[in-house]
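User: I am new to reading protein models and would like a close look at one part of this one. Could you take me through it slowly, and show me what surrounds it?

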Amino acid sequence: MIQINYNPDVLSCLANLSNDEVFTPPNLANKILDLLPKKIWSNKDAKFLDPVSKSGIFLREIAKRLMVGLEKQIPDKQERINHIFGNQLYGIAITELTSLLSRRSVYCSKTANSKYSICDVFNNDSGNIIFNSTSHTWQKDKCSFCGASQKEHGRDDSLETHAYQFIHTDQPEKIFQNMKFDVIVGNPPYQLNDGGGMGTSATPIYQKFVQQAKKMNPRYLSMIIPSRWFAGGKGLDEFRDEMLNDKRLVKIVDYFDSTECFPGVDISGGVCYFLWGKELNGDCEVVSIQKEKKSIMVRPLLEKSSNTFIRFNEAIPILRKIQSFNEKNILDIISSRKPFGFDGAIKGKETSFNNSVKLYSYPKDGYIDRSQIIQNVDWVDEYKVFIAKAYGERGSFPYRVIGKPFLGEKNTCCSETYLVVGPFATKKKAENVISYINTTFFRFLVLQKKNTQNAAKGVYSFVPIQKFDEPWTDEKLFKKYGLTSEEIAFIESMVRQMETNNE
């Protein structure tokens, strides 16, 4: 029997720092580098920067490609190594520990000038992979650069403060003495705890690394980041608008399920990586990947009358057909957050009493006095539909997308746990609305805007309103909008039938 000695790549075995600071597997790093033009690997003057180095994987894989691409120009191996590592590769580590790890991966030594380093041109420990401890700049209890909460991140200097050097400056170009970089590539930290939500709330931060990299005006920029920016939201609206209106963004590879990129790491809304080039211009090549199914389409990043990126290429012709009817969307009959003015802390009594109103809330329903209702009091005595404002599911593809709607009888209200659809004068109309919400058609349209667990009012903006004198089924809707068998099959592959029980 032939024995094969296999040495696994240690960088593919690393545990992640957290779901916010995720190590990049080698195979993924190479997929991202594949976006760059091949000629870059034979350019001995090209300079590469990873401004958020954790394991050094991007710099290591770039070095491998340059070693092959520059072999004819610099035949001597050691001379070629010295040139590549000394003049072409640069990194900014996110912590002191990752600086050591990155140097070990790239130079084969945690100190660049040791006898074990494969490059012998450095006269300092850091080489071109630096780490400088940086402080937040506090203004009104928030960092003026990254928005970090002073309460959460104003720590002793001996502790990690997440004050990342690359984004805590107005002049990132000064970090490497005004050096011009051809390529900036990396996997930035994704979010910071902002002190809200009983310590569980977080503010996205990855967009700041992308914006900072653009300030340095590289020829090419490529990063892997969470996909939730497609729909905007907390801290991301400006970034979304900037990205979706940028014709230099010419390729996006989008994974609906983050575990297909980062095994074992569940990032709500999925992840994507992109190619941006300062001399590029045009429509974007969108590669959508869902459960190893891949679709590719060159298209504008923004569809007509939309401020949201449509993730799935197959959804584009479906949406265009629906929008050709020029119908109003359903937003006019969907409430905003806190439809009756109550937050989630409201608690009702266990049994009804004189002048009481049934309160639907989480984790427990109850009864409150009618006089407690702050707004939309007139809705209480009408029929309506309640639907959860947040609904998350993992590992249950195809998706249900939103929670199961239920009838709001007269003399009912709810906390911010639910949104209200309606109100309606008759019970029959409310039931017909429920039949519409339960269709795969309805929930497929919601899926186009719902990138996270949150299902606030805005995720329903692609859904057209119907006449609710009659109940609705998928068959009636598919026929009305002239959907093909292929389009119907795609909808049904993405969205599962709503259960008919009271689950």
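The part I have in mind is strand S12 (residues 284–290).

Analyst: Happy to help! This is a predicted model, in which local features need pLDDT of at least 70 and side-chain atom pairs count only at pLDDT 80 or more, while totals for chains, interfaces and linings use all residues. Residues are numbered from 1 along each chain as its sequence is written, and side-chain values use heavy atoms, with hydrogens and water left out.

Let's set the scene. The chain has twelve helices and 19 strands; these are DSSP runs numbered from the N terminus, with helices being H or I of at least four residues and strands E of at least two. The C-alpha trace spans about 85 × 55 × 55 Å along its principal axes. Of the 503 residues, 53% are buried, where buried means under 20% relative accessible area, exposed over 50% and partly exposed in between, using a 1.4 Å probe and protein chains only. Of the contacts between residues at least 6 apart in sequence, 70% join residues at least 24 apart; a contact means heavy atoms within 4.5 Å.

Now for your strand. S12 is largely enclosed by the rest of the structure, because six of its seven residues are buried. Its home is an open sheet of nine strands with mixed pairing, in the order S3-S2-S1-S6-S9-S11-S10-S12-S13. Two strands pair if DSSP finds at least two bridges between them. The edges of this sheet are S3 (129–130) and S13, each pairing on one side only.

Follow that order and you will see S12 between S10 and S13. Five bridges tie S12 to strand S10 (residues 249–255), and these two run parallel. One spot to find is Asp254, which stands opposite Ser288 in S12. With S13, S12 shares seven bridges, and here the strands run antiparallel. Two places show this pairing: Ile289 stands opposite Lys294 in S13, and the bridge partner of Gln290 in S13 is Lys293. S12 and S13 make a hairpin with two residues between the strands, where Lys291 takes a positive phi near 55 degrees.

What meets S13 from elsewhere? Strand S13 (293–299) is among the elements that cover the buried residues of helix H8, along with helix H10 (440–447) and helix H12 (485–494). In H8 (residues 315–323), the buried residues are Ala315, Ile316, Ile318, Leu319 and Ile322. They sit on the same side of H8, because they cover an arc of only 165 degrees around the axis; the arc is that of the directions from the helix axis to the C-beta atoms. Here is a handy rule: an α-helix has 3.6 residues a turn, so residues three or four places apart point the same way.

Arg299 offers a way to judge distance in this region. Arg240 and Arg299 are 59 residues apart in sequence and 17 Å apart in space, C-alpha to C-alpha. Arg240 belongs to helix H7 (residues 237–244). With a relative accessible area of 8%, Arg240 counts as buried. Leaving aside residues up to four places away in sequence, Arg240 touches Trp229, Phe230, Ala231, Gly232 and Asn307.

To finish, compare your strand with another hairpin. Strand S14 (residues 356–360) is mostly covered, with four of its five residues buried. Four bridges connect S14 to strand S15 (residues 366–369), and the two run antiparallel. Ser356 has Asp369 in S15 as its bridge partner. The S14 and S15 hairpin has five residues between its strands, while the S12 and S13 hairpin has two. S14 also pairs with strand S18 (residues 412–414), in the parallel sense and over three bridges. There, Tyr360 has Cys414 in S18 as its bridge partner.

Here is the picture to keep: S12 is largely enclosed, joined to S10 in parallel and to S13 antiparallel, and S13 in turn helps to cover the buried residues of H8.
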